[in-house]
Amino acid sequence: MRINRRAVAAAAAIAVVLPLSACGGSEAGSTDASGKVEGKITFQTWNLQANFKDYFNGLIADFEKQHPGTDVKWVDRPAEGYADKISADAAGGTLPDVVNVSPDLVAPLAKAGLALDLDKAASQYKKEYLPGAWDAHRIPGAEGTYAFPWYLNTGPLFYNKRLLKDAGLDPEKPPTTYDEVFDAGLKMARQSKGKVAALANVPTIEDFGRYGVPLMNEEGTAFSFNDPKGVELLTRYKELYDAKALDPQALTATPESSGHKFLTESVAMNPGSALDLANFKKQAPSLYKNIGITDQITSTGKANMYVMGVMVNAQSKQKPAAVAFAHFVTDATRQMEFAKKVAIFPSTAGSLDDPYFTQEDGTDETRVRIAAAKSLKTAVNYTPVLFSEQMKTELRNAVARALQGKQSPEEALDNAVKACDRLLRQS
């Protein structure tokens, strides 16, 4: 169920080999989705058949029953090579009518004229979804949104109440903004003589977003995370690093290693999930009894969300059926059903107020689910849809140079932006 972010690397292949006729102009490429819901369509998902075969077969049967004359063929592709498969189908004119995508996957397809603009073709459904989720499949520099929001994910922040208390901080009032984290981290490092760090991870593009840094220009043609606020964030992280308030191994940290640091109580705060909480209970009872759960750290007031979507092929010969089915898959009823089968969250307005996401039952799983659902109501997808894995590496390397004192934060971010802009032009 993890979101794969390889699609931007395949964008160049789509752009090079896609015929110009795919960019619109024909009846099949129009945004008119009115008409009778009928005909055969193909629905493609992303590594879901193994665990959810019965769910999707039932969903398809219900749709076909509601719309006599429709026939939905379901195909499921493995996670490995999914972006490449979409690229090949787009180039060969065999892209399915309805496709499971993430924002970065839909971006090159939208640019190529293969993703249907739902603001034009299905605007009547917009009010059914959380605003941040509906906007997640917008493309910088272009109008429209290019996929129905489907399931969301996020995670709360775990913190160690004992470590906060030992540092003279109120364990019932954990930091909520980056500035509060920085101040608390420096205090913890001083009190523990460098033995306890606040965090175990260096800042990522999502951190810059949550800090309030503008990440791209409005046209989507250049990155801007090197602006003064971005430099300010990296400067504060260097203060943490120098004071050992940022774990010394943060430059090479993985989610697993960061989790271990939190497990052994050498780090006070770490993002996590219900699975982590159960692990703490089993492996570290002393940590578990001191666990606090709070929202993600953000200076914007909005947490980060990860979002999956369902795109309609703009070249579909059965657009009324394709749009109707994509909406059916992602409507409130179906999303709630799916959310109760796997640890994800619905993107439909009002669904997060359901008792399933608001009422405690004493279990760890519910504790974390409620905390995450609360933050998702106003969350946004901070990662730019055009930010590739190569760009993430450039940013991570720049952050490392700044923290190690090899470059100033300003110089490091300037160089990272130049490298990312170059990669953006190449794509």
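Helices (H or I, at least four residues) and strands (E, at least two residues) are DSSP runs, numbered from the N terminus. With that rule, Met216 can be placed in the loop between helix H9 (205-211) and helix H10.

This is a predicted model, in which local features need pLDDT of at least 70 and side-chain atom pairs count only at pLDDT 80 or more, while totals for chains, interfaces and linings use all residues. Residues are numbered from 1 along each chain as its sequence is written, and side-chain values use heavy atoms, with hydrogens and water left out.

## The whole chain

The protein chain has 18 helices and eight strands. Its C-alpha atoms fill a box of roughly 70 × 50 × 35 Å, taken along the principal axes. The radius of gyration is taken over C-alpha atoms, and the globule rule is 2.2 Å times the number of residues to the power 0.38. For 427 residues, a compact globule would come out near 22 Å; the protein chain has 23 Å, which agrees.

Buried means under 20% relative accessible area, exposed means over 50%, and partly exposed lies in between (1.4 Å probe, protein chains only). Of the 427 residues, 55% count as buried.

Contact means heavy atoms within 4.5 Å. Take the contacts between residues at least 6 apart in sequence: 76% of them join residues at least 24 apart.

## The nonpolar cores

A nonpolar core is a set of buried Ala, Val, Leu, Ile, Met, Phe, Trp, Tyr and Cys residues joined through side-chain atoms within 4.5 Å. Which residues touch the most other members of the largest core? They are Phe225 and Phe325, out of 125 residues in that core. Helix H14 gives the most to this core, with eight residues. Leaving aside neighbours within four places in sequence, Phe325 is in contact with Ile41, Phe43, Leu59, Ile60, Phe63, Val72 and Val98. Another core, of nine residues, lies apart from the largest one. Among its members are Phe158, Leu277, Leu287 and Ile291.

## Two packed helices

Two packed helices are described by the angle between their axes and the distance between the axes. Axes are lines fitted to C-alpha atoms, for helices over the stretch in contact, and angles run from 0 to 180 degrees between N-to-C directions. Helix H14 (residues 319-330) packs against helix H15 (residues 332-339) at about 45°, and their axes are 5 Å apart. That makes H14 oblique to H15. The cut-offs are these: under 35 degrees is roughly parallel, over 145 roughly antiparallel, 65 to 115 roughly perpendicular, and the rest oblique.

Which residues meet here? Phe328, Val329 and Thr330 in H14 meet Ala332, Arg334 and Gln335 in H15. These residues divide into three nonpolar, two polar and one charged. In this scheme Ala, Val, Leu, Ile, Met, Phe, Trp, Tyr, Cys and Pro count as nonpolar, Asp, Glu, Lys and Arg as charged, and the others, Gly among them, as polar.

## Residues in loops and in a helix

Here are some residues with their places and relative accessible areas.

| Residue | Place | Relative accessible area |
|---|---|---|
| Ile139 | loop between H6 (131-134) and E4 (148-153) | 4%, buried |
| Asn47 | loop between E1 (39-46) and H2 (49-66) | 39%, partly exposed |
| Lys244 | loop between H10 (228-242) and H11 (255-263) | 47%, partly exposed |
| Asp183 | helix H8 (residues 178-191) | 47%, partly exposed |

Ile139 touches Val106, Ala107, Ala110, Lys111, Gly144, Tyr146 and Val385, not counting residues up to four places away in sequence. Ile139 and Ala110 are 29 residues apart in sequence, and their C-alpha atoms are 7.9 Å apart.

Is Met216 buried or exposed? At 16% relative accessibility, Met216 counts as buried. Leaving aside neighbours within four places, its contacts include Pro140, Phe223, Pro384 and Leu424. Leu386 is another contact of Met216. Met216 and Leu386 are 170 residues apart in sequence and 9.5 Å apart in space, C-alpha to C-alpha.

Two loop residues have a positive phi. Asn47 has a phi of about 60° although it is not a glycine. Phi of Lys244 is near 65°, and Lys244 is also a residue other than glycine.

Glu180 lies in helix H8. At 37% relative accessibility, Glu180 counts as partly exposed. Glu180 touches Pro174 and Pro175, not counting residues up to four places away. The C-alpha atoms of Glu180 and Thr298 are separated by 10 Å, with their positions 118 residues apart along the chain. Asp183 and Ala50 are 133 residues apart in sequence and 47 Å apart in space, C-alpha to C-alpha.
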